[in-house]
Amino acid sequence: MHTVSLSFPLEGPERSGRRPQVLAIGDFDGVHLGHQEVIRLAVERGRELDSGAAIMTFHPHPRELLGMKHYVQLLTPLALKHEVLSGLGVDMTYVVEFNESFMRVSPEDFVEHMLVPLGLDTVFVGFDFTFGYKGAGTPDTLCELAKGRFSVEIVRPFHLHGDKVSSTRIRSCLQAGDVREAAELLGRAYELQGDVVHGDARGRTIGYPTANIALSDPYVLPANGVYAVEVFARGRWHGAVMNVGVKPTFTDGLLQPTLEAHLFDFSETIYGERVKVRLVDYIRAERKFASIQELIAQIGQDADRAKQTLMEKK
């Protein structure tokens with residue numbers, strides 16, 4: 001999959017002489033089942049026309065620039081989003097720089113100076129897609145502004161268990177520790193990436209060495225607690241148990257949660273290496289223990305439960 005960075009306005013035709021392409025537009029944070037439905041239809045149409053399918057997404061998240069600071073944390077940072085999109089059969093991703101100037105572009109100018117120069121056959125958007133200054137443009141607006149130069153396909157909401165699949169719903173699941181439902185809505189396990197850094201080495205002294213993971217991007221974190229996870233390190237996936245939180249048994253007043261994963265049957269040194277973490281299941285809430293011995297006993301129980309959970313997953 002090719003990735004092209006764009007900024008407004010596009011100057012002249014970007015694809016003169018090429019077959020008109022199919023484009024799906026959206027932020028696609030999470031690339032969840034609802035997003036995948038929009039993308040699937042675009043990919044199918046692209047194959048029918050033998051022109052391939054492209055995605056137009058925006059960076060940073062538009063709502064972040066609009067002052068919704070919780071959107072600084074992402075479900076799928078740009079690199080992970082590209083990885084997921086590639087697996088869905090997308091041929092090209094256009095990443096549009098979302099800045100103060102672009103935020104004020106009218107719906108008419110967005111169509112004339114961002115979409116038309118791409119030489120489009122069909123544009124796919126979700127039912128709740130908005131564009132242009134203050135979100136004034138809707139799917140119906142897009143149909144009107146296309147003026148027959150490209151067709152517009154509006155995709156209905158995707159429901160699971162009776163409710164609409166949305167990034168907001170997934171964020172709520174993660175904030176409640178419900179990583180199983182989050183995975184259902186995403187169509188895959190929720191994944192984090194980061195580098196293994198030096199910690200206080202306390203885990204090694206109590207018999208449970210941990211990989212301390214500094215996230216590579218501002219991910220949406222799950223609720224503080226203990227999770228059964230899988231960690232990709234040294235070329236393969238390893239079962240693990242991971243604590244997300246502020247380590248109340250050892251610290252007081254720590255505000256920023258840390259991620260510490262104990263990999264089963266793994267003794268290699270991986271400091272400085274990039275790892276991936278898949279959240280499989282929630283085990284328990286984080287809590288403060290009265291003694292180190294009580295904590296060690298609980299970690300043993302957590303590890304056993306995580307191993308059982310991961311075995312059942314297979």
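Which residue of β13 does G245 stand opposite? In this predicted model, the partner of G245 is T258, and the two belong to a pair of antiparallel strands, β12 (residues 236-245) and β13 (residues 258-263), that are joined by 6 bridges.

These two strands are part of a closed barrel of 6 strands, whose order is β9-β10-β13-β12-β11-β14 and whose pairing is antiparallel. On average, and with direction ignored, neighbouring strands of this sheet are turned by 45 degrees against each other. Helix α10 (residues 292-313) packs on the sheet, where it touches β11 (225-233), β12 and β14 (274-285), and the direction of the helix makes about 110 degrees with that of β14.

Salt bridges come to a count of 18, and some of them can be followed through the barrel. The side chains of D195 and R274 meet in one of these, at 2.6 Å from N to O; because D195 lies in strand β9 (residues 190-197) and R274 in strand β14, the pair ties together parts that are 79 residues apart in sequence. D195 is partly exposed, with a relative accessible area of 26%, and R274 also counts as partly exposed, at 47% relative accessibility.

Another salt bridge joins R278 to E230, with the closest N and O atoms 3.7 Å apart, and so links strand β14, which holds R278, to strand β11, which holds E230, across 48 residues. R278 counts as partly exposed at 29% relative accessibility, whereas E230, at 12%, counts as buried because that value is under 20%. E230 also forms a salt bridge with K313, the closest N and O atoms being 3.3 Å apart, and this pair connects strand β11 with helix α10 over 83 residues. K313 itself is partly exposed, its relative accessible area being 47%.

Away from the barrel strands, helix α1 (residues 33-49) offers a check of its geometry: its 17 residues, at 1.5 Å a residue, should span 24 Å, and its end C-alpha atoms are 24 Å apart, which agrees. Buried residues of α1 include L33, G34, H35, Q36, V38, I39, A42, V43 and G46. A network of salt bridges links E37, R40 and E44, and after α1 comes D50, whose phi is positive, near 55 degrees.

Turning to the cysteines, the count of disulfides is 0. C143 counts as partly exposed at 36% relative accessibility, while C173 is buried, with a relative accessible area of 8%.

Definitions and conventions:
Residues numbered from 1 in each chain as written. Predicted model: local features only at pLDDT ≥ 70, side-chain atom pairs only at ≥ 80, totals over all residues. Heavy atoms only, no water. Helix = DSSP H or I, 4+ residues; strand = E, 2+ residues; numbered from the N terminus. Expected span 1.5 Å × (residues − 1). Buried < 20%, exposed > 50% of the residue type's maximum accessible area, 1.4 Å probe, protein only. Pairing = 2+ DSSP bridges. Axes fitted to C-alpha atoms, helices over the stretch in contact; angles between N-to-C directions. Contact = heavy atoms within 4.5 Å. Disulfide = S-S within 2.5 Å. Salt bridge = Lys/Arg side-chain N within 4 Å of Asp/Glu carboxyl O.
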